[in-house]
Structures are given as C-alpha cells and as structure tokens.
Amino acid sequence: MAGGSFDPMKQFQLHKLADLNIAGFDLALTNSALHALVGVLVASALLVFATRRLQLLPSRWQALSEWPYEFVHNLAQSNLGDKGKPFVPFLVTLFLFVLLGNLIGLLPYAFTYTSHISVTLTLALISIGVVIGTGFTKHGLGFFKLFLPSGAPLFIAPVIVPIEVVSFLAKPISLAIRLFANMLAGHIMIKVFAFFCTTSGFIAVFPLFGNILIYAFELFVAFLQAYIFTLLVSVYLHDAIDLH
Amino acid sequence: MDGATLFMSVKLIAASAVAVLVFVGAALALGRFFSECASALGRNPEARPSVFPVMIIGFAAIEFLALLAFVIVMIILFVISV
C-alpha cells in the first residue's frame, strides 16, 4: 500500500545535481535552478527564434512571441501611460519568468521553481528595488512624499506616515507570499487528489475527474498569478512615478 | 493520553480551526466583493476595462489574506514540534 509513503510535500524537495563551490559559497546546481534555467531558455529561444524573420503579417511563431509583449505593454500602458515605456522590457521579463515557472511546474515530474519563497522573494525584492530606484531618480528626496498623501493635513502625519511605511514594506512580502503559497497549495491539492485516485478502487473515476478540474484550474491560476504579479509591480511603479 | 499525542491533537485542532475560520472569512469576502463588481458592471457595462484591474487587485488582496492563513497552517503543521 502506498499509504505509508504518501507525502505531498516531497515534490518540493531540493536536490543537488552538480556541486559548485565558489569562494566558500555553495552555488550547486539544484533541480530548482535547472528548471529556472529551462524557463529562461524557453523564453529566450521563443523570443529570439520566433522574431528572426519579422513580417508585417506575423507567422504563427511570431504571433506567439508577440502575445506576451503586447499583453504586458497594454497593461503598462493602462497603468503607467507613456511614462511606462522604459519599464515594459522589465515587466515582460518578470511576466515570462513567473508564467513559465508556473507552467513548467504543471508538467509531470517537473519542479515548480515559483513554489519556493526564496525564488519569489528574490523576484519581489528586485521589483521593489526597481520601484525605489525609479522613485529616487525621478523625485530625489521628494520620493518620501509617497508616505504622506498629498492634501493630508500635517497634524495627522504622525499617524499616517507609519501606516504608509508599513504598507510599503509589506508590498514585497505580499508579492512573494501570494505567488509561492498559490503554487504550493495548488500542487499539494493536485497530489492529494492523485493519491485518492490510487487508493479508492473503482470509484477512483470521481477523484480523477476532480483532478482534471483542479489541473485546469491550476492552468488558469498559473496565468492569473503571473498577471497579478506584473499588474501589482506596475501599480507600485505608478505610485513611485506619479507619487499620490 | 501522553504528552506527544495531546500535543499532536492540539496541533491538528489548531491547524484545522485556522483553516476553516479563514475559509469562512474568505468566502464572505469573495462573495461580497464579486457581487459588488457584478452590480457595478451591470449598472455600467462600458466601465469593464477600468473595473477589471481593480477587480484583480481586490481579488489579490483577499487571496493574500487567505494564503497567509495557509502559510500559518503549514507552519503549525510542519514547523512547530515539541
């Protein structure tokens, strides 16, 4: 009976595939890093090879590679306006990396690199770094006006400034936790339903159908989370560019 | 009942209580939120492009609170031990 050895968390374990030590830092290639590399390679290959022979009337591959760019461009356009143009490549990179992480993780036996908080927190901190950098280069020290909404009377500043500071500091944490917990919860759910299929004999058809539905839902969530991540980063960028 | 079993049962009860309470809260929030969005869209269907991002951000905020509870449950179940 497989019951004793069933562990839905096993899929998230890291393994070392190749050792690499540089100046005392352990930079071993893990299964997470390997899948992240695959994600980056797939995205780069798609963008490089599909846009080799550009046509006015796009071929199928060109249309496929134009879709994420156009999607994120529209998103940035509606949130940031024309000031968002310089950030579109960054946002496309984020979108494709997160999306491919979620999608590759749905393949059987694959590892979901976005299900680890170390990966998602790194992405979130990079994004918030870009937001802070943008704010300081655009406004200098005036960026701190972000913490006091314009028009607010000065005497409530002692109350509102700490609240705004905390809510700003919570942004990267909420970005990271949302993505990682979504992936973790979804994949645990898939594995638990798959386990029901193996143990419930001939009525296994029902958990099987349930699993198919959950799988479809996870496919939707993979896109939704990539979209939310990009959308929230562009909203934060908007706060940094225009202050509020 | 020895100490380890008692600890295990308390752990399980706490984890399921957190999960169920947050489930109720998230269900109420989602129902309220999407009904408001639906009525906004019903009153003014042309506002769809501007309502949609707000809808996604609100959904993300609700989801974040529920997922925070998920993380707490995971910590109760897998990290805390005697």
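1. Helix α4 of chain A packs through its buried residues against α1 (31-50), α3 (88-105), α5 (157-199) and α6 (205-242) of the same chain. The model is predicted, and every remark below should be read as a remark on a prediction. The buried positions of α4(A) are A:Val119, A:Thr120, A:Leu123, A:Ala124, A:Ser127, A:Ile128, A:Val131, A:Thr134 and A:Gly135. As background to such a pattern, an α-helix has 3.6 residues a turn, so residues three or four places apart point the same way.

2. The length of α4(A) gives no cause for comment. Its 23 residues (117-139) should span 33 Å at 1.5 Å a residue, and the end C-alpha atoms lie 32 Å apart, so expectation and model agree. After α4(A) comes A:Gly140, with a positive phi near 60°.

3. What surrounds A:His35, beyond its neighbours within four places in sequence? The contacts are A:Ile104, A:Ala110, A:Phe111 and A:Tyr113. A:His35 belongs to helix α1 of chain A. Its relative accessible area is 15%, under the 20% cut-off, and therefore A:His35 counts as buried. Two backbone atoms are in polar contact with the A:His35 side chain: the oxygen of A:Asn31 at 2.8 Å, and the nitrogen of A:Phe111, 3.2 Å from a polar atom of that side chain.

4. A:Leu64 sits in helix α2 (residues 60-80) of chain A. With a relative accessible area of 43%, A:Leu64 is partly exposed. From A:Leu64 to A:Tyr113 the C-alpha distance is 23 Å, for a separation of 49 residues in sequence.

5. Over all chains, the whole structure holds five salt bridges. One of them joins the side chains of A:Lys83 and A:Asp242, at 2.7 Å from N to O. A:Lys83 is in the loop between α2 and α3 of chain A and A:Asp242 is in helix α6, so this pair ties together parts 159 residues apart in sequence. Both partners are partly exposed, A:Lys83 at a relative accessible area of 45% and A:Asp242 at 34%.

6. A further salt bridge pairs A:Asp239 with A:Lys171, the closest N and O atoms being 3.7 Å apart. This one links helix α6 of chain A, which holds A:Asp239, to helix α5, which holds A:Lys171, across 68 residues. Both residues are buried: A:Asp239 has a relative accessibility of 19%, and A:Lys171 has 14%. For A:Asp239, the class rests on a cut-off of under 20%, so a value of 19% falls on the buried side.

7. Turning to the interface, 15 residues of chain B contact 18 residues of chain A. The buried area between the two chains is about 1,300 Å², with 86% of it from carbon and sulfur atoms. Three residue pairs are in polar contact across this interface, both members at pLDDT 80 or more. On the chain B side, the residues touching chain A comprise 14 nonpolar, no polar and one charged.

8. How many salt bridges cross the interface of chain B and chain A? The rule finds one, between the side chains of B:Glu63 and A:Arg178, at 3.9 Å from N to O. The salt-bridge limit is 4 Å, so the pair is counted at 3.9 Å. B:Glu63 lies in helix α2 (residues 48-79) of chain B, and A:Arg178 in helix α5 of chain A. B:Glu63 and A:Arg178 are both buried.

Terms used
Residues numbered from 1 in each chain as written. Chains lettered and ligands numbered in written order. Predicted model: local features only at pLDDT ≥ 70, side-chain atom pairs only at ≥ 80, totals over all residues. Heavy atoms only, no water. Contact = heavy atoms within 4.5 Å. Buried area = accessible area lost by both parts, 1.4 Å probe. Polar contact = N/O pair within 3.5 Å; in protein donor to acceptor, adjacent residues only side chain to side chain. Nonpolar A, V, L, I, M, F, W, Y, C, P; charged D, E, K, R; others polar. Helix = DSSP H or I, 4+ residues; strand = E, 2+ residues; numbered from the N terminus. Buried < 20%, exposed > 50% of the residue type's maximum accessible area, 1.4 Å probe, protein only. Expected span 1.5 Å × (residues − 1).
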